[in-house]
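Biologist: Could you take me through the model on screen, starting with the charged side chains and then moving on to whatever else is worth a look?

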Amino acid sequence: MTRGRFITLEGGEGAGKTTQSVLLADALTAHGVGALRTREPGGSPGAEVLRGLLLGGSIDWSPRAETLLHFAARAEHVAETVDPALAAGTWVICDRFFDSTLAYQGYGQGADRSFIASLIGLLGIAPDLTLVLDVPESVAAERMRKRGGDADRYERLDSAFHARVRQGFRDIALSEPDRCVLLDASADIQAVHTAIMTAVWTRFGQ
Ligand code: T5A
């Protein structure tokens, strides 16, 4: 059994990750490739419980505790969902993974980045390809406004926070060109999808 490929989508709020993960999974399926969509925080029953703690509620976690909660959710998600699917030959499309912890908790909230890097090293799994969707904050804010709904703990943070997060993702993409592809996600949905498929087939062959 050939192990599946592990693809993550990263970026700030409203970058279009969820929209694009659906299109990517559908395109892979149409191509005869079994694909599973999942997300973080969450993606397994235990990790979804931790998602509720992280996104809802009013607790102001210390940066290190918040980082560890994301990694606890991630360890559970990897063990229960990601690893079994990859072992079965399924491609896993994951909406956010460890780069989000570095961008949000590290760049955004000021948690120690070397501490986060150590946890990434200990996790024992890394994506085969990470698509970093980059949009200017004004575009993201307009998309979120149009979508409506209640803002979670992170969405409520100020624009300086979101600017640091965006810079974090850009730094990550530029520092790991073998794994990451930085994409301009301010174009229309179909154009972004086309760019994603080009990146996927360039990396893995058709
Ligand atoms: N978090 C997560 C951390 O702090 N640390 C971590 O380690 C992890 C894993 C997760 C939150 O947790 C934080 C980050 C997040 O704040 P979430 O609900 O999963 O929360 O939030 P997001 O992943 O940010 O999901 P969003 O829905 O906010 O953003 P998406 O998925 O990037 O955007 P999407 O696809 O839902 O699109 C938003 C709207 O824009 C439209 C869509 O139709 C939709 O209405 N749209 C476009 N419109 C025009 N042109 C395009 N190209 C468009 N693409 C999408």
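**Charged pairs, sheet and cysteines**

Modeller: Arg39 is partly exposed, with a relative accessible area of 35%, where buried means under 20%, exposed means over 50% and partly exposed lies in between (1.4 Å probe, protein chains only). This is a predicted model, in which local features need pLDDT of at least 70 and side-chain atom pairs count only at pLDDT 80 or more, while totals for chains, interfaces and linings use all residues. Residues are numbered from 1 along each chain as its sequence is written, and side-chain values use heavy atoms, with hydrogens and water left out.

Biologist: Fine. Which side chain meets Arg39 in a salt bridge?

Modeller: Glu48 does, at 2.8 Å from N to O; a salt bridge here is a side-chain nitrogen of Lys or Arg within 4 Å of a carboxyl oxygen of Asp or Glu. Glu48 is partly exposed as well, with a relative accessible area of 30%.

Biologist: And how many salt bridges does the count come to?

Modeller: By that rule there are 11 salt bridges. Another of them joins the side chains of Arg166 and Asp134, again at 2.8 Å from N to O. Arg166 belongs to helix 7 (residues 159-175) and Asp134 to strand 4 (residues 129-134), so this pair ties together parts that are 32 residues apart in sequence. Helices (H or I, at least four residues) and strands (E, at least two) are DSSP runs, numbered from the N terminus.

Biologist: Is each of those two, Arg166 and Asp134, buried or partly exposed?

Modeller: Arg166 is partly exposed at 31% relative accessibility, whereas Asp134 is buried at 10%.

Biologist: Which residues are linked in a network of salt bridges?

Modeller: Asp99, Glu176 and Arg179 are linked in that way. Within this network, the side chains of Arg179 and Glu176 meet at 3.0 Å, N to O; Arg179 is buried at 7% relative accessibility, while Glu176 is partly exposed with a relative accessible area of 34%.

Biologist: Switching to the sheet, what is the strand order?

Modeller: It is an open sheet of five strands in the order 2-3-1-4-5, with parallel pairing, where two strands pair if DSSP finds at least two bridges between them. Strand 2 (35-39) and strand 5 (180-184) stand at the edges with a single partner strand each, so one side of each has no neighbour in the sheet. Neighbouring strands are turned by 20 degrees against each other on average, direction ignored; axes are lines fitted to C-alpha atoms, for helices over the stretch in contact (heavy atoms within 4.5 Å), and angles run from 0 to 180 degrees between N-to-C directions.

Biologist: How many bridges join strand 2 to strand 3, and where does Arg39 come in?

Modeller: Strand 2 and strand 3 pair over five bridges, and the bridge partner of Arg39 in strand 3 is Asp95. Strand 1 and strand 3 pair over four bridges, with Ile7 opposite Ile93 in strand 3. Strand 4 and strand 5 are joined by five bridges, and Leu133 stands opposite Leu183 in strand 5.

Biologist: Which way do the side chains of strand 3 point?

Modeller: Trp91, Ile93 and Asp95 point one way and Val92 and Cys94 the other, and all are buried.

Biologist: What lies across the sheet, and at what angle to strand 4?

Modeller: Helix 8 (residues 189-204) lies across strand 1 (6-10), strand 3 (91-95), strand 4 and strand 5, and runs at about 155 degrees to strand 4.

Biologist: And how many residues of helix 4 are buried?

Modeller: In helix 4 (residues 98-108), 11 of its 11 residues are buried, among them Asp99. These buried residues pack against strand 1, helix 3 (63-87), helix 5 (113-123), strand 4 and helix 7. Just after helix 4, Gly110 takes a positive phi of about 80 degrees.

Biologist: Last topic, the cysteines: how many disulfides are there, and why is Cys94 not bonded?

Modeller: Taking a disulfide as a pair of cysteine sulfur atoms within 2.5 Å, the count is zero. The sulfur of Cys94 is 14 Å from the closest cysteine sulfur, that of Cys180, which is too far for a bond. Cys180 is likewise in no disulfide. Both are buried, Cys94 at 0% relative accessibility and Cys180 with a relative accessible area of 6%.
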